[in-house]
Amino acid sequence: MREILDIQKQLLPDLVDTMKKRYTILHHIMVSGLVGRRTLALSVGATERVLRAEVDFLKEQGLIEVEASGMRISGAGRELLEQLEPLVKDLFGLTELEERIRSHFGLKQVIIVPGDSDVSPHTKKELGRAGASVLRKLVGEDETIAVTGGSTMAEVAYHLTPATPMKGCWFVPARGGLGESVELQANTIASTMAKKAGGRYRLLHVPDHLGEEAYQSLMQDSHIAEIIAFIRGARIVVHGIGEAMVMARRRKVDPETTESLRRDGALAEAFGYYFDRDGNILHKMPTIGLRIEDIHSMDHVIGIAGGKSKGESIASVLKHGHEDVLVTDEAAAWEVVNRLLS
């Protein structure tokens, strides 16, 4: 397959470019669900005149359906995209990039989607779709799945669909989360995933950031302790990765601790743990939920994060060594690789 692509690039470079362009348009339509022509043109960086010709072609091929309210992908279009996915990864040069990161960090699987989540909402949606696909493939019957909060996790929840093994599964928050935007809290995302997948959920109604005294007091509550034990029994965790200083501000970490993290070179945050360049834990917030030892003993740890700005953070967490599967985007992946060479 790779040899054929290389020949096409030499003899028919326009054919490869056209394939990339039409794949990108079709893929945007699939991820968007229903999209208007003007919005799609902005998303793919094309003029409406150029896009109109491509849309007409895709419609004639039966790959999309055009309605008054917009365009949506057809069954044939969805099937074609699934068949094209391995080929497109080669077209965009992502297969080699995936293997390079996977082998360096000893991961089971790396999935890279084209684009940069920092500048493209479409890429973040595709991260969510890819993350949901991975989860569906890995989950078994009657599993307990812990999830963290954040905008990328919300996209994963949105793209989950009912699957037979998931119908008996429990979805739980990996940690507390009161105090941030409700739609991005781990509780909300766990319940959304359960509803989308046809599973069940349990919630943890405690603040994410606690003082030591409040932490010890809550851990004495029998109801809280029972839910924590249930969460720590999860065999799969799906989580995001944050930039250390961004997350310190978002979690309202006190100025003294924030300055200490900056001074020590904190680059990443996950599960309330802050990591440096080499993957060492610099600080742990007193949060109620999963501990690092719980994560290390899980069957599947799925990290999902993208955007060029998070490349260093992703590399830091990967160096700590508890990930099994990484789902990221092209821009972040190149930043991770650049870290390997620096």
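This passage looks at how the two domains of a predicted model meet and at how its nonpolar residues cluster.

Start with the overall layout. The domain assignment splits the protein chain into domain 1, covering 1–90, and domain 2, covering 93–340. Their C-alpha centres sit 31 Å apart, and the contact draws on 9 residues from domain 1 and 12 residues from domain 2. Put together, the two domains bury about 930 Å² between them, with 47% of that on carbon and sulfur atoms. On the domain 1 side, His27, Val31 and Lys89 account for 57% of the area buried against domain 2, more than any other three residues.

As for polar links, 6 residue pairs are in polar contact across this interface, and the salt bridge count between the domains is 1. Lys89 also turns up in a salt bridge with Glu98, where the closest N and O atoms are 2.6 Å apart. Two helices, α2 (13–32) and α5 (75–91), each give two or more residues to the side of domain 1 that touches domain 2.

Then there is the packing. The largest nonpolar core holds 41 residues, and Ile101, Leu204, Leu290, Ile314 and Leu318 have the most contacts inside it. Elements supplying at least two residues each include the helices α6 (94–105), α11 (222–232) and α15 (311–320), along with the strands β3 (109–113) and β9 (268–270). Leaving aside residues up to four places away in sequence, Leu318 touches Ile101, Phe105, Leu107, Glu323, Leu326 and Val336. Another core, of 29 residues, lies apart from the largest one, and Val156, Leu160, Cys169 and Ala194 are among its members.

Key
Residues numbered from 1 in each chain as written. Predicted model: local features only at pLDDT ≥ 70, side-chain atom pairs only at ≥ 80, totals over all residues. Heavy atoms only, no water. Core = buried A, V, L, I, M, F, W, Y, C linked by side-chain atoms within 4.5 Å. Buried < 20%, exposed > 50% of the residue type's maximum accessible area, 1.4 Å probe, protein only. Helix = DSSP H or I, 4+ residues; strand = E, 2+ residues; numbered from the N terminus. Contact = heavy atoms within 4.5 Å. Domains from an automatic or database assignment. Buried area = accessible area lost by both parts, 1.4 Å probe. Salt bridge = Lys/Arg side-chain N within 4 Å of Asp/Glu carboxyl O. Polar contact = N/O pair within 3.5 Å; in protein donor to acceptor, adjacent residues only side chain to side chain.
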